[in-house]
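User: I am new to reading protein models and would like to go through this one step by step. Could we work from its core outwards to a few single residues?

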Amino acid sequence: MSNPRQKKKLRRGHVPRQSKRQARARLSQRRYAKGAPANAIVAQAWDKTKSTKANFAALGLAQNPNSDMAKRKKNLNPKDKTLSTQVIQQLEELAEKSQQPYQAYCSRGEVIFIQECLRKHGTDFDAMAMDIELNDQQHTAAQLEKKVRKYVQTLEIIGNVQSIEEAAAQSPHQDETSK
C-alpha cells in the first residue's frame with residue numbers, strides 16, 4: 001500500500017464493489033432460501049424439505065397469482081375446479097372472521113364546521129352550500145350531506161345520536177342573536 005491513492009481510498013472508507021459472480025451467488029441464495037411462512041395455518045402444513053413452489057402447489061395456493069390467473073384465462077374449462085384443501089378453507093374462515101366494517105370518524109375541525117352548519121341551517125343542505133361565510137371551502141350540497149352523515153355515524157359510535165335531526169337539535173353553541 002505504498003501508493004498514495006490506495007491510502008486515500010482506505011482513509012475515505014472506500015468499500016470494494018462486489019463482483020458479478022459474488023452478486024449472482026448471493027441472489028441465488030436469496031431466491032432459493034427456504035423458510036417457514038408467517039401465517040400459522042400455512043406454517044402447520046408447510047414442508048421444509050420442499051421448495052416454495054412445490055409447497056404452494058401442495059396447499060392449493062398460487063405462488064404468483066398474476067401468472068396463474070393468465071394461465072387460467074387461457075385454459076378456461078368449466079369442468080376444472082380449483083383445488084380446495086383444508087388450508088384454503090381455514091384461510092377463508094380466518095378472512096371472514098377478520099373482516100370488520102370501516103367506521104369513519106370526523107376530525108375536530110370537521111365536527112365544529114358541521115355543528116355550525118346544522119345550528120344555522122338545520123338539515124337544509126342547499127342553504128348550507130350557498131352560505132359562503134360558513135362554507136368557505138364551497139362544499140356542494142351532496143358533499144355536505146355526506147359530511148353530516150359521517151358526523152352522525154361518529155356520534156352513533158359514541159352513543160349520543162340516532163339520526164340527523166337529533167344531531168341538528170343537539171348541536172351546541174345555540175346563540176339567541178342568530179335567531
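The questions and answers below concern a predicted model.

User: Which helix supplies the largest share of the largest nonpolar core?

Analyst: The largest nonpolar core has 15 residues, and those with the most contacts inside it include Ile 114, Phe 125 and Val 148. Three helices, α7 (108–121), α8 (125–130) and α9 (141–158), each supply at least two residues of this core. The largest share, 6 residues, comes from α9.

User: How many residues make up the second, separate core?

Analyst: Apart from the largest nonpolar core, with its 15 residues, there is a second, separate core that includes Ile 41, Trp 46, Leu 59 and Val 87. The number of residues in this second core is 5.

User: Are α7 and α9 roughly parallel or roughly perpendicular to each other?

Analyst: Two packed helices are described by the angle between their axes and by the distance between those axes. Here the axes of α7 and α9 come within 10 Å and cross at roughly 110°. Angles of 65 to 115 degrees count as roughly perpendicular, and the two helices α7 and α9 are therefore roughly perpendicular.

User: Which residues in α9 are met by residues in α7?

Analyst: The helix α7 passes α9 in a left-handed crossing. On the α7 side, the residues taking part are Glu 110, Val 111, Phe 113, Ile 114, Gln 115 and Leu 118. In α9 they meet Leu 144, Lys 147, Val 148, Lys 150 and Tyr 151.

User: Is Thr 154 buried or exposed?

Analyst: Thr 154 is found in helix α9, and its relative accessibility is 9%. Because buried means under 20% relative accessible area, Thr 154 counts as buried.

User: Which backbone nitrogen does the side chain of Thr 154 reach?

Analyst: Leaving aside neighbours within four places in sequence, Thr 154 is in contact with Ala 104, Tyr 105 and Cys 106. Its side chain also reaches the backbone oxygen of Lys 150, at 2.9 Å. The backbone nitrogen that the side chain of Thr 154 reaches, at 3.2 Å, is that of Cys 106.

User: What residues does His 139 touch, not counting residues up to four places away in sequence?

Analyst: His 139 is found in the loop between α8 and α9, and with a relative accessible area of 16% this residue is buried. Once residues up to four places away in sequence are set aside, His 139 touches Phe 113, Ala 129, Leu 144 and Lys 147.

Notes
Residues are numbered from 1 along each chain as its sequence is written. This is a predicted model: local features need pLDDT of at least 70, side-chain atom pairs count only at pLDDT 80 or more; totals for chains, interfaces and linings use all residues. Side-chain values use heavy atoms; hydrogens and water are left out. A nonpolar core is a set of buried Ala, Val, Leu, Ile, Met, Phe, Trp, Tyr and Cys residues joined through side-chain atoms within 4.5 Å. Buried means under 20% relative accessible area, exposed over 50%, partly exposed in between (1.4 Å probe, protein chains only). Helices (H or I, at least four residues) and strands (E, at least two) are DSSP runs, numbered from the N terminus. A polar contact is a pair of N or O atoms within 3.5 Å; within protein, one must be able to donate a hydrogen and the other to accept it, and residues adjacent in sequence count only if both atoms are side-chain atoms. Contact means heavy atoms within 4.5 Å. Axes are lines fitted to C-alpha atoms, for helices over the stretch in contact, and angles run from 0 to 180 degrees between N-to-C directions. Angles under 35 degrees count as roughly parallel, over 145 as roughly antiparallel, 65 to 115 as roughly perpendicular and the rest as oblique. A crossing is left-handed if the near helix is turned anticlockwise from the far one by less than a right angle, and right-handed if clockwise.
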